[in-house]
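Subject: Structure handover

Hello,

Please find the structure we spoke about below. My notes on what was found in it follow.

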Amino acid sequence: MVNLLRSSVKEPNKNGSGEFTLNIQDNWKKIFPDKELTVSEQVKKERIQAIFKVPIVLELYKKHKENLMRLERRGKIKNKHALFSSMHTGKPITGMAYWERFTKVKDKFLEILEPNEKDYQFLTSKSWSTHIGRGIYTNMLVFLLGWSASQVTVARGDSDIQSAQSYIEEQNVKKQTEEAVEIIARATIQANRQYTSIESLRSL
């Protein structure tokens with residue numbers, strides 16, 4: 001993500017038509033020329049990544065461009081190529097800085113969610129970070145749009161279909177297990193009601 005250039009974005013037309021894609025390449029030499037270790041900025045697979053043209057994404061991108069322009073007018077931008085720059089320093093955001101900012105947002109989100117005990121316990125019982133976006137994206141493709149494993153492989157930029165297939169199968173098993181538990185719970189409640197009714201008859 002932090003490897004993106006401004007020129008990496010192919011924007012849709014003003015009327016909303018056309019592609020909205022990211023040309024994901026290993027651009028660290030242009031963005032972080034003085035950085036010796038770039039493990040946090042590496043690109044696993046170079047590709048063209050399609051973006052969903054939903055209103056919230058378009059609005060956020062618009063505001064992001066406005067912020068960049070504001071930094072430029074103030075003369076704070078230190079690298080004209082970088083798509084993501086710090087509002088404080090004007091320097092390109094590193095992978096570590098991105099993780100730290102994500103963690104702050106995550107902590108605030110959990111703080112707001114805490115009164116909802118069930119969801120809060122679920123999200124705090126597992127370790128998760130920036131990679132959760134990849135899982136959410138995959139779930140949307142599979143469970144909301146009904147995409148096949150081969151389609152998900154292309155959309156996720158996987159090297160082979162096995163990664164997507166394994167993830168889909170794992171999520172399907174979890175979903176079916178949850179459904180089975182609910183069915184068993186409902187059946188147990190129903191059985192208890194019937195048992196109580198029979199016991200009541202026997203006491204007559």
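Of the chain's 204 residues, 26% count as buried. Please keep in mind that this is a predicted model. The accessible surface of the chain comes to about 14800 Å², and carbon and sulfur atoms account for 57% of that surface. Taking contacts between residues at least 6 apart in sequence, 50% join residues that are at least 24 apart.

Confidence

The mean pLDDT over the chain is 85, and 86% of the residues score at least 70. Strand 1 has the highest confidence, at 96, while helix 7, residues 161-202, has the lowest, with a mean of 65. Over residues 200-204 the pLDDT falls below 50. That stretch has zero contacts in the model beyond near neighbours in sequence.

Overall layout

The chain holds seven helices and three strands. Read from the N terminus, the elements follow the order β-β-α-β-α-α-α-α-α-α.

The three strands form an open sheet in the order 1-2-3, with antiparallel pairing. Its edges are strand 1 (9-10) and strand 3 (47-50), each of which pairs on one side only. Strand 2, residues 21-24, runs antiparallel to strand 3 and is joined to strand 3 by four bridges. Within this pairing, Thr-21 stands opposite Ala-50 of strand 3. As background, strands of a sheet pair through backbone hydrogen bonds, either parallel or antiparallel.

The nonpolar patch

Which residues form a nonpolar patch on the surface? They are Phe-52, Val-54, Ile-56, Leu-60, Ile-136, Met-140, Leu-144, Leu-145 and Trp-147, and together they have about 830 Å² of accessible area. Helix 2 (55-73) and helix 5 (132-144) each supply at least two residues of the patch. Helix 5 gives the most, with three residues. Leu-60 is found in helix 2. Its relative accessible area is 54%, so Leu-60 counts as exposed.

Leu-113 and its contacts

Leu-113 is found in helix 3, which covers residues 95-113. Is Leu-113 buried or exposed? Leu-113 is buried, because its relative accessible area is 15% and the cut-off for buried is under 20%. Leaving aside neighbours within four places in sequence, Leu-113 is in contact with Asp-119, Tyr-120 and Leu-123. Leu-113 and Leu-123 are 10 residues apart along the chain, and their C-alpha atoms are separated by 9.5 Å.

Salt bridges

The structure holds eight salt bridges. Three of them are described here.

The side chains of Lys-35 and Glu-41 meet in a salt bridge, at 3.2 Å from N to O. Glu-41 counts as buried, at 2% relative accessibility, whereas Lys-35 is partly exposed, with a relative accessible area of 26%.

A salt bridge also links the side chains of Lys-108 and Glu-111, at 3.4 Å from N to O. Both residues lie in helix 3, three residues apart, which is about one turn of the helix. An α-helix has 3.6 residues a turn, so residues three or four places apart point the same way. Lys-108 is partly exposed, with a relative accessible area of 45%.

In the third pair, the side chains of Arg-134 and Asp-158 meet at 2.5 Å, N to O. Asp-158 lies in the loop between helix 6 and helix 7, and Arg-134 lies in helix 5, so the pair ties together parts that are 24 residues apart in sequence. Asp-158 counts as buried, at 8% relative accessibility, whereas Arg-134 is partly exposed, at 27%. Salt bridges that share partners join Arg-134, Arg-156 and Asp-158 into one network.

Helix 6

Arg-156 also appears among the buried residues of helix 6, residues 149-156. The others are Ala-149, Val-152, Thr-153 and Ala-155. Just after helix 6, Gly-157 takes a positive phi of about 80°.

Regards

Technical notes: Residues numbered from 1 in each chain as written. Heavy atoms only, no water. Pairing = 2+ DSSP bridges. Patch = residues over 30% accessible without salt bridge, like charges linked within 9 Å, V, L, I, M, F, W, Y side chains within 5 Å. Areas by Shrake-Rupley, 256 points an atom, 1.4 Å probe, with all protein chains shown as cover. Salt bridge = Lys/Arg side-chain N within 4 Å of Asp/Glu carboxyl O. Buried < 20%, exposed > 50% of the residue type's maximum accessible area, 1.4 Å probe, protein only. pLDDT = per-residue confidence, 0-100. Contact = heavy atoms within 4.5 Å.
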